[in-house]
Amino acid sequence: MSTIQYLLDGFAIAFQWHNILFALLGVIIGTAVGVLPGIGPMSGVALLIPVTATLTSGLPIEMAATSSIILLAGVYYGAMYGGSTTSILLNTPGESSSVVTTLDGYQMARQGRAGAALSIAAIGSFIAGIIALIGLVLLARPLSKVAINFGPAEYFSLMLLGLAAVSGLAGKSITKALIMTVLGLLLGTIGIDAVSGIARFTYDQPVLFSGIEFLTVAVGLFALGEVFKTIFEKDGADEPIAKIDRILPTKKDLKDSAAPIARGSFLGFFLGVLPGAGATLASFFAYITEKKISKNPESFGKGNIAGVASPESANNAASGGAMIPLLTLGIPGSGTTAILMGAFIMYNIQPGPLLFEEHPDVAWGLIASMFLGNLMLLILNMPLVRVFAKIIQTPKRFLLPIIIAISIFGVYAVQYTTFDLFLLLGCGIAGYFFAKNDFPVAPLVLALVLGPMIENNMRRALTISNGEFSIFIAKPLSLIFLVIAVLWILIPILMKLRGKNVIINEEG
Amino acid sequence: MNLKFDRVASIVFLVLGILIIIESQKISESAYGSQIGPSTFPFVLGIVLIGLSILLFFETIRHQAMYKIVQEKEGGKSSNFKRFLIIFISAVAYAFLLEKLGYLITTFAFLLISFQTLERGKWVSSIIVAAAFSAIIYFGFVNVLGGSLPKFPL
């Protein structure tokens, strides 16, 4: 079957009424998550996994997986649209990927051009989303055909590369990021070993036999960690919001932002495909590029529309691009895609080259629904932007406890144990202190998801080679992955030693 | 960034790494006699963790000056330790009592306490939001979606 045929089948799935509903729900929640400062895409997706699991509980497993993933992915790219709203209206980024949008977006709002900035952000995000999706459609099958020949040694090295990439860019200190990675890998070893059936680090506690649930850890570290941080550090004062006058951009605005949108989309897409880079980095690079090639760079920071169009396109394109390594190789390149991967695994579906062979419905249904979701987001974000702007005004005193209550409900509804609730609260505290002291939590979650797979592939490879570790170097592809992984860690260290600034990715 | 936290963390991780190496030796070897058993992976990770924690300890020594600057910058922030403690303790109580007292009562109580801790007064709106949230989640989840949550104790 050709790619077009698969894609059409995907649309047939995406257009089933319940999947349209799930996509719509996903992008609406995603936009809200993007608008609310304090909940990022990562905690948004993590919080919704239990909710989607119960929503889809009546469906057969493969359909349930498709619908859930459609919703969760909708939250992810929906958040990229919503993030710009607070940056422009409040000068407070809703997510880290919209930080640079504040520079020119808020200035535009002060000049009374808030509507134009918001709509250009939405149009740019839409175009970028579509470009990234076309890239995904074109690259998905060729890439998974290459990956299908990978043996355990190649997989082991590729996953190490994924971990190295995320750790190398994750925080101010690579040492701390690597410590978090190792911690995540260690947490993943708790429970019954899948190969030998022997209990490890369980100390005869029955709750530990099935291992530490990644969902509990992710919700605790991200969602609760952020809530605790806000309770600790912010006072309840709500800031005033800029007014939105006209929504449609002028012809001149459109003309000025066409080229930046195109550049931002391609740049964002390629950075999104690279593991570890992600949306935040993409928006920074897009902004810097625009400023560099602009004829009057001094107009940036004073309300230049290119400074909104380009980064907003880039972060959305990056979120689309980040789906490629996840779906085709089974390697998540960022914290949010790691959580999506965890959702796949919860439904017993392994992302990777076999996904397109064994579960074409899930893979192509998701891709087709993303086209649909981006269209919905464009419609939602243009006329309804005023409604979403209202969400910003949700009082914090209601919002924060409700996020805690949703976390507890979500974890309990999936796990049914009090133990997981205590683990959740513990992870919340840990998440707060880790983040406060620059220990990035995204590598931990990624390592927890990848850990069991890394170990399995390592042991399978070593069984093939009779215990010789040289198998990882002897296979050329595996060697290449390992070399890149080492470089990914070493290059930022060397650059720091030479006194250069390294842009880091706070979203993960 | 906090010098004390990083130092303590590096020592905690060092101890953790040593414990993992010791404990991984207690994992029974797998039956088929391969050298690569269930203990290999944790053992290697334990060694890596020890190495990284030593590295972190040296970094705290090397960057002492930088820590001081950052600390002075962040020193002025006021923290809300008391309100955090109240909310956290009520969250622990919520988790502990959920199965004993049922979802509705515990959720309502937790939300009301937290709302009032973050901002005193406005009792009416607090009670309405807390009651609405617990009721919508409970009846929506149990009756509409067919899930199950702890009921009333009676």
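## Salt bridges and polar contacts

Chain B and chain A share 2 salt bridges, counted when a side-chain nitrogen of Lys or Arg is within 4 Å of a carboxyl oxygen of Asp or Glu. Glu119(B) pairs with Arg397(A) in a salt bridge, at 3.6 Å from N to O. There are also 9 residue pairs in polar contact between the chains, both partners at pLDDT 80 or more (N or O atoms within 3.5 Å, one able to donate a hydrogen and the other to accept it; residues adjacent in sequence count only if both atoms are side-chain atoms).

This is a predicted model, where local features need pLDDT of at least 70, side-chain atom pairs need 80 or more, and totals for chains, interfaces and linings use all residues. Side-chain values use heavy atoms, with hydrogens and water left out, residues are numbered from 1 along each chain as written, and chains are lettered from A in the order written.

## The contact side

Counting heavy atoms within 4.5 Å as contact, 65 residues of chain B touch 62 residues of chain A. The buried area is about 5400 Å², with 77% from carbon and sulfur atoms (accessible area, 1.4 Å probe, lost on putting the two parts together, summed over both). Ile36(B), Phe41(B) and Phe84(B) supply 13% of what chain B buries there, more than any other three residues.

## UniProt spans

An unreviewed UniProt entry puts "transmembrane region" at residues 40–58, 84–111 and 123–145 of chain B; such annotations may be inferred rather than shown by experiment. Residues 123–145 of chain B have end C-alpha atoms 31 Å apart, while for 84–111 of chain B the ends lie 14 Å apart.

Definitions and conventions: Helix = DSSP H or I, 4+ residues; strand = E, 2+ residues; numbered from the N terminus.
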